Number of protein chains: 4
Amino acid sequence: MNISKAGDDGTPRSAGSGHDERRARTQRAVLDATRELLAENGFGNLTVEGVAARSGVAKTTIYRRYRSKNDLALAVLLDMVDEVSTQPYAADTWSELVSLVDRTVELMCTSLMGLVMKGLVSEVAADPELARVYRDRVVSHRLADVSALVERGISRGELRADLDSEMVTDLLLGPIYYRFFLSGAAMDDGFGQRLVTTLRPSFAS
Amino acid sequence: MNISKAGDDGTPRSAGSGHDERRARTQRAVLDATRELLAENGFGNLTVEGVAARSGVAKTTIYRRYRSKNDLALAVLLDMVDEVSTQPYAADTWSELVSLVDRTVELMCTSLMGLVMKGLVSEVAADPELARVYRDRVVSHRLADVSALVERGISRGELRADLDSEMVTDLLLGPIYYRFFLSGAAMDDGFGQRLVTTLRPSFAS
Amino acid sequence: MNISKAGDDGTPRSAGSGHDERRARTQRAVLDATRELLAENGFGNLTVEGVAARSGVAKTTIYRRYRSKNDLALAVLLDMVDEVSTQPYAADTWSELVSLVDRTVELMCTSLMGLVMKGLVSEVAADPELARVYRDRVVSHRLADVSALVERGISRGELRADLDSEMVTDLLLGPIYYRFFLSGAAMDDGFGQRLVTTLRPSFAS
Amino acid sequence: MNISKAGDDGTPRSAGSGHDERRARTQRAVLDATRELLAENGFGNLTVEGVAARSGVAKTTIYRRYRSKNDLALAVLLDMVDEVSTQPYAADTWSELVSLVDRTVELMCTSLMGLVMKGLVSEVAADPELARVYRDRVVSHRLADVSALVERGISRGELRADLDSEMVTDLLLGPIYYRFFLSGAAMDDGFGQRLVTTLRPSFAS
DNA sequence: GACTAAGCGAGACGGTACGTCGCGTCTTAAA
DNA sequence: TTTAAGACGCGACGTACCGTCTCGCTTAGTC
């Protein structure tokens, strides 16, 4: 039944017991099932019982790891976030900014990430503990990405030296989330380009 | 305010009988209780039974008017939105923009509106019907406010003529909501001023 | 408004108000609707709201006359009982007995009476007030019928002189109700004949 | 950490699965509570919520086993029926018949059985499914008892050979139920004796 | 090569809230 | 005065999922 003795599948295998592998397999089954259900029915209709049924993992086992539905959804979110690679370098800063915006838009609009975010945003906004984790694991990474980009842009002489990275992040991501969560306005292929073009006079040195 | 509006939702009838007054009183009790609970516990923890208990209105009566929790929350949201006045004129466009940002920040951070929004944003984002109503009743009003402001700014010669009102709205409100919902960054008194100052080169003619 | 001073339709007419006629019409509508619903859905599914809807009479009006569902059902029962004629004379006592049994069987099995009885028997059995009225209006009439029949039989010399009418009633009707309510055994055309034939040695002088 | 398997908490630990035992305890708690409430308030006032409160068993658990109030009441009825022993032998058939009648009367008039029967008779009469179960579990047993008794009586030479057991059952039980449900006539100690005495000429060989 | 212990499945359970049904009361307005 | 219309408080319904618990079974790694 269990074949791969030599876990070369990327599953973390510490010096500890071989139980780890079993744990990891269960983990994957749960997260995958959760992600699927999230995609199919939305966050509001996600149920632990459903996840248990879909994943073949006992409800008890799920509760052994995630204290609540939110915990579970958060785990899925973080699981997905980990897959998001950092921004690549581009020829000039403006292209990097457009790329950052477009990648974010695509992430929200085409992957499950968007669906999960829609379902979790209220929780993140309202639950301080969840908010803390979200900031540590997501917001701060994004801010770090933008900071690095801004630093490079300044040293390249393309961006004004007094630019505040946090404000830049707000101005790049805020419009995306506002449209995505509230206004519902479409974000087509040219959105990133237009946004950055609009902002360029404010950012340029 | 509790006068029946253009009759598009919670106030399904007219036929002005004496029952209307009773209806109206019940309506207020329900909406007030819902708003309070929404602010206290968030949408996820809002329960119709809780609303019934808090408002003194029977659960059945609530269900007679609102088919679901979403319906109820929506009614509260619209009830609150009606209280938000449009933006006032100011000496120059930049002041008007700062005022608009500051007013929005204050609305979100000091009134119940912010808590309600935190609780409802996931629902608005996920439920198409709710989204539609929210856009019709809130987003479009905000856009109209900004459009008027932009028009004035252009005719005053302060704003560039090709400015897109929707983009302006995104850039003014997006950062606020991003901070409010996700990043958790504080928005102090100078926030509006700094935001508008940053954006000025992009907006100015 | 149609006022008929000369109410000669059997409707009770006191001070000669036309209201009486209106009352009577309402009464009939309610009782008819109740009987129909009783037959269709059984007592357990009888609802005052249903009666109001079916009869076109306001719920309030029904409550003005019948304090409870039982009251209403009882009224229907009595209304039907009044339609049941007393037993006719026959050539000999045995034929009269067979006739009495057969008529009762037919009444229960083919008319609405049976369905109403099935629905009401629990209420009659459990509610002392209803039981009292049922006995006064139904049981006692049946006993009187049987008593008269027994008296005649004795004076004809066909029945033993010490026959207890109540016991006779029990032995004639008990089997019918037992089958009808509980055992579910069929009662075909020959049932009355067989029952009376079986009992004849016990009853004969 | 391993505590002795021998139950030290007062809970008996038998060979069976622990779940079974728990189930059984829950079952008893529910049936007992139901029977008590039935006795105290009658069938009409029996509520599943009441049973849950009285028994300490969660409402959901009750619904996991009994689909409806009737199901529950039926279970109580069958639970009681199982306790009713079959008729004992007596010196002669007539005594056995009297005993059968008297035992039935006592069962109906002094135990909870009567109360439950009063409450359920309408349901049994009206609901085909319930009727089927009732016949399988109760009526048929009673008929079997009487059949055996009649067989013995015939072979003893006390009863006529052509006696129909079903008719005998009707004549013995019908009067009891008729009085119990409808006529309300008392059934004192001598009732069985009088009934059998009346019927003797019809039954005797 | 049995022993130990962790991970797990199974599922009964107490509990909260759901959204619904029907009750019986009350108020108003029309006939 | 009687009725129709209908809002309302209320109690219970039967359901969905929650999160907890106890029970054995399986599966390593250890003695």
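1. Chain C and chain D bury about 3,300 Å² between them, and 64% of that area lies on carbon and sulfur atoms; buried area here is the accessible area, found with a 1.4 Å probe, that two parts lose on being put together, summed over both. On the side of chain C, the residues that lose the most area to chain D are C:Met167, C:Tyr178 and C:Leu182, which together make up 22% of what that side buries. The contact (heavy atoms within 4.5 Å) takes in 35 residues of chain C and 36 residues of chain D.

2. Before going further, please keep in mind that this is a predicted model, in which local features need pLDDT of at least 70 and side-chain atom pairs count only at pLDDT 80 or more, while totals for chains, interfaces and linings use all residues. Residues are numbered from 1 along each chain as its sequence is written, chains are lettered from A and ligands numbered from 1 in the order in which they are written, and side-chain values use heavy atoms, with hydrogens and water left out.

3. Charged and polar pairs also join chain C and chain D. Four salt bridges are counted between them, a salt bridge being a side-chain nitrogen of Lys or Arg within 4 Å of a carboxyl oxygen of Asp or Glu. One of these pairs C:Arg179 with D:Asp170, with the closest N and O atoms 2.5 Å apart. There are also 16 residue pairs in polar contact between chain C and chain D, both residues being at pLDDT 80 or more; a polar contact is a pair of N or O atoms within 3.5 Å, where within protein one must be able to donate a hydrogen and the other to accept it, and residues adjacent in sequence count only if both atoms are side-chain atoms.

4. Which helices of chain C each supply at least two residues of the side that touches chain D? They are helix 6 (112–126), helix 7 (128–156), helix 8 (165–183) and helix 9 (191–203), where helices are DSSP runs (H or I, at least four residues) numbered from the N terminus. Helix 8 of chain C gives the most, with 14 residues. By class, this side of chain C holds 19 nonpolar, eight polar and eight charged residues; Ala, Val, Leu, Ile, Met, Phe, Trp, Tyr, Cys and Pro count as nonpolar, Asp, Glu, Lys and Arg as charged, and the others, Gly among them, as polar.

5. Turning to chain B and chain A, the contact takes 35 residues from chain B and 36 residues from chain A, and the area buried is about 3,300 Å², of which carbon and sulfur atoms give 64%. B:Met167, B:Tyr178 and B:Leu182 supply 21% of the area that chain B buries against chain A, more than any other three residues. Four salt bridges are found across this interface, and A:Arg179 forms a salt bridge with B:Asp170 in which the closest N and O atoms are 2.5 Å apart. The interface of chain B and chain A also has 18 residue pairs in polar contact, both at pLDDT 80 or more.

6. How are the copies placed relative to each other? Chain B is superposed on chain A by a rotation of 180 degrees with 0.2 Å of shift along its axis, at an RMSD of 0.7 Å, so the two copies are related as by a two-fold rotation axis. The superposition is by least squares on the C-alpha atoms of residues with pLDDT of at least 70 in both copies. For chain C on chain D, the rotation is 179 degrees with 0.1 Å of shift along its axis, and the RMSD is 0.6 Å. Because 100% of the interface residues of chain C are also interface residues in chain D, these copies meet through the same surface.

7. DNA strand E is surrounded by 38 residues (each with a heavy atom within 4 Å of the strand), the closest being A:Thr26, A:Arg65, B:Thr60, B:Tyr63 and D:Arg65. The residues of this surface divide into nine nonpolar, 15 polar and 14 charged. Of the atoms of DNA strand E within 4 Å of the protein, 53% belong to sugar or phosphate and the rest to bases. On the phosphate side, a polar backbone atom of A:Ala58 is 2.8 Å from a phosphate oxygen of the strand. As for the bases, an N or O atom in the side chain of D:Thr60 is 2.9 Å from a base oxygen of DNA strand E, and a polar side-chain atom of A:Arg64 lies 3.4 Å from a base oxygen of that strand.
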